[in-house]
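Me: Could you take a close look at one part of this structure for me? I'd like to know which charged side chains pair up, and what the surroundings are like.

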Amino acid sequence: MKTKLIIITALLLGTMSLQAQRQMVNVPELPGYVTLKCDFHIHTVFSDGNVWPTNRVSEAWRDGLDAIAITDHIEYQPHKQYIPTDHSAAWKIASAMAADNNIILVMGTEITRGMPPGHLNALFITDPDLLATDDFMKVVEAAMAQGAFIHWNHPGWKSQQPDGIPRMYDVHREMIAKGWLHGIEYFNGGEYYPLVMDMCRENKLALIGNSDTHGVISEEYTAPRYSHRPMTLVFAKERTAESLKEALFAGRTAVWYGDNLAAFEEIALPLFRSVITAGAPYKDDGTRIWFELCNSSDIPMKLSGGPEGAPAMLTVPARSMVIVRADRKYLSQPLTYNVDNIITGSDSVLKVEISPAKK
Ligand code: ZN
């Protein structure tokens, strides 16, 4: 009997330990929207990646993502000798698994050219075969005819732009004029391009951040250096593919990479406010007050440039609380800080005001 029980327990434990676990990701919210965690630049064995499409879905599920796009190169298939050309194979193979796991799978592809125009992802396409032609503008036109959202990838990638500085070329200006370019990668893989903040701001394009993963994602973003893969946060009306697309075209995005968040101020400020809360002063010694500052997100908030009579620097770690001791005058005027890890422009960070809650 005892042996039987031990066997049953061992079997149960065995079953339990086999269960995959999805990471809970706590990211800021934009009031009125849901935050979708997305990676729109992923490769498989059907181009130059080393991973089977269904594994991309399980990786996304484990990483707590809501949506992914598999974007194999149309023009570059180094495994061709072993894997036949089928531009929609990855999508066909992965889509049932995506449905089973509640992952939004966006059909996409990477249009691959030298610079200019460089590499571009076309998302929400319906037939990648129609994009397999030589004339670049004809390819973009065919993608647009399918309702694509098109973003320019790694514009400062040193293989194509040796000084690492992204530059707009005539072809990009022409695309923008025609309404054929909708976003630019500010972050790709492991590098970021500060000037993309200004390019996107000036041309009303969405800020995008992707892994561009080719290998096994858990081997590319390992702890303790990384707590998550880089991703685009999209603020959608609902958690659906249609809402995702609408939000991308509307430019409601932020990029989360390492400990940093890149977003324009009108989005960054409400994001900050959605996760940082100040408590009411719980101690007052007649000259100073004490209050708590909480951060409910996975992103630490690194404050600097504090005012006189308050901490000059203050880091509120992820999912943590710190105590602030400040001059009593801050009962009636806000504390002002820079948030060094919320990037709002090529050389600007978010500025915030913090006031203790009223008693
Ligand atoms: Zn790529």
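Reply: Let's begin with Glu308, which counts as exposed because its relative accessibility is 59%, and exposed means over 50%. Keep in mind that you're looking at a predicted model. Glu308 has a partner, Lys329: the two form a salt bridge, with their closest N and O atoms 3.0 Å apart. Lys329 sits in the loop between β17 and β18, while Glu308 sits in the loop between β15 and β16, so the bridge ties together parts 21 residues apart in sequence. Lys329 itself is partly exposed, at 29% relative accessible area.

That's one pair, but a search of the whole structure turns up 19 salt bridges. Another one joins Arg22 to Asp66, and here the closest N and O atoms are 4.0 Å apart. Look at where the two ends come from: Arg22 is in the loop between α1 and β1, and Asp66 is in the loop between α2 and β2, so this pair ties together parts that are 44 residues apart in sequence. The two ends don't get equal cover. Arg22 is partly exposed because its relative accessibility is 28%, whereas Asp66, at 5%, counts as buried.

Asp66 has a second partner too. Its side chain meets that of Lys37 in a salt bridge, 3.5 Å from N to O. Again distant parts of the chain are linked, since Lys37 belongs to strand β1 and Asp66 to the loop between α2 and β2, 29 residues apart. Lys37 is buried as well, with 12% relative accessible area; the limit for buried is under 20%. Step back and you'll find Arg22, Lys37, Asp66 and Arg239 linked in a network of salt bridges.

Now for some open space. The second largest pocket has a volume of about 240 Å³. Its lining is made of 13 residues, and those nearest its centre are Gln23, Asp63, Ile217, Ser218 and Tyr221. The elements giving two or more residues to that lining are α2 and α7. Sorted by class, the lining has five nonpolar, four polar and four charged residues.

There's enclosed space to find as well: the structure holds one cavity of 30 Å³ or more. The largest cavity has a volume of about 180 Å³. It is lined by 18 residues, with Asp72, Asp86, His87, Ser88 and Ala90 lying nearest its centre. Strand β3 gives the most to this lining, with four residues. By class, the cavity lining splits into nine nonpolar, seven polar and two charged residues.

Strand β3 also brings us to helix α4. The buried residues of α4 pack against β3, along with β4, β5 and α5. Those buried residues are Phe136, Met137, Val139, Val140, Ala142 and Ala143. Why do buried residues on a helix often come three or four places apart? An α-helix has 3.6 residues a turn, so residues with that spacing point the same way.

Last, check both ends of α4. Asp135 caps the N-terminal end, with a side-chain oxygen 3.1 Å from the backbone nitrogen of Met137. After the helix comes Gly147, whose phi is positive, near 85°.

Note on methods: Residues numbered from 1 in each chain as written. Predicted model: local features only at pLDDT ≥ 70, side-chain atom pairs only at ≥ 80, totals over all residues. Heavy atoms only, no water. Buried < 20%, exposed > 50% of the residue type's maximum accessible area, 1.4 Å probe, protein only. Contact = heavy atoms within 4.5 Å. Polar contact = N/O pair within 3.5 Å; in protein donor to acceptor, adjacent residues only side chain to side chain. 1 Å grid on protein atoms, 1.4 Å probe; cavity = no way out; pocket = protein on both sides within 12 Å on 5 of 7 lines; lining within 4 Å. Points joined across faces, edges and corners; volume = space filled by probe spheres on them. Nonpolar A, V, L, I, M, F, W, Y, C, P; charged D, E, K, R; others polar.
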